[in-house]
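User: Please take a close look at a single part of this protein and explain, step by step, how that part fits into the whole.

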Amino acid sequence: MEEKKLEIREREDSQLIVEKNKKIKKELNRLKKLFKELPENKKKISEKLIDNAAFMSVSLEELKKDIIIYGVKEPYVNGKDQFGFKESIESKTYNTMIKNYMNIIKQLNDMLPQEKKIDEKDEFDKFCDNA
């Protein structure tokens, strides 16, 4: 299973990197529009958060596809007679990254004036529908 993943990843070339960067840029523009109502004094602070959120959003989509294909567990061999299954690296990474993504969205939302705040549940649902 692990060898198959490596083979697939080795086939990725610069075209895939270009495509990923396009997706990140599209998500970056979407998030900038979403948070355009940030007060001027908070826009500078929010730039890195928005950049990271865009990257995470696209990466989460990729991880989700891997998890759908390979599942959330992978086999391991830990010596002569020790073997079994463990949580996959993709699953662990996804779980960590989704928490960080949601924290960033919450931070950005908290920077908005009260009347402009975005319903976090609606935004999360949109993310899940797109992923």
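Analyst: A residue is called buried when its relative accessible area is under 20%, and exposed when it is over 50%. By that standard, buried residues make up 29% of the 131 residues in the protein. The model is a predicted one. The part chosen here is helix α3, which covers residues 40-70.

The setting comes first. The protein contains 5 helices and 2 strands, and along the sequence these elements follow the pattern α-α-α-β-β-α-α. Among contacts between residues at least 6 apart in sequence, 66% join residues at least 24 apart.

The helix itself can be checked by simple arithmetic. Helix α3 has 31 residues, and at 1.5 Å a residue it should span 45 Å; its end C-alpha atoms are 45 Å apart, so the two values agree. The helix also has a bend of about 45° at S46. After α3 comes G71, which has a positive phi, near 90°.

The next step is to ask what α3 gives to the interior. The largest nonpolar core holds 23 residues, and within this core L31 and F35 touch the most other members. Three helices each give two or more residues to the core: α2 (14-34), α3 (40-70) and α4 (89-111). Of these, α3 supplies the largest share, 9 residues.

The contacts of L31 show how this works in detail. When its neighbours within four places in sequence are left aside, L31 is in contact with I50, A53, A54 and I105. Here I50, A53 and A54 fall within the range of α3, whereas I105 falls within that of α4. A general rule helps in reading such a list: an α-helix has 3.6 residues a turn, so residues three or four places apart point the same way.

Not every residue of α3 is buried. K48 is also found in this helix, and because its relative accessibility is 61%, above the 50% limit, K48 counts as exposed. The C-alpha atom of K48 is separated from that of I104 by 10.0 Å, although the two residues are 56 places apart along the chain.

Finally, the aromatic rings deserve a brief remark. A search of the whole structure finds 0 aromatic pairs. A charged residue does meet a ring, however: K73 lies over the face of F85, at 4.8 Å from the ring centre.

In summary, α3 is a helix with a bend at S46, it gives the largest share of the largest nonpolar core, and it carries K48, an exposed residue.

Key: Residues are numbered from 1 along each chain as its sequence is written. This is a predicted model: local features need pLDDT of at least 70, side-chain atom pairs count only at pLDDT 80 or more; totals for chains, interfaces and linings use all residues. Side-chain values use heavy atoms; hydrogens and water are left out. A nonpolar core is a set of buried Ala, Val, Leu, Ile, Met, Phe, Trp, Tyr and Cys residues joined through side-chain atoms within 4.5 Å. Buried means under 20% relative accessible area, exposed over 50%, partly exposed in between (1.4 Å probe, protein chains only). Helices (H or I, at least four residues) and strands (E, at least two) are DSSP runs, numbered from the N terminus. Contact means heavy atoms within 4.5 Å. Rings of Phe, Tyr and Trp (its six-membered ring) pair if their centres lie within 6.5 Å; planes under 30 degrees apart count as stacked, over 60 as edge-to-face and the rest as tilted. A charge sits over a ring if NZ of Lys or CZ of Arg is within 6 Å of the ring centre and within 35 degrees of the ring normal. The expected span of a helix is 1.5 Å times one less than its number of residues. The bend at a residue is the angle between axes fitted to the seven residues ending there and the seven starting there.
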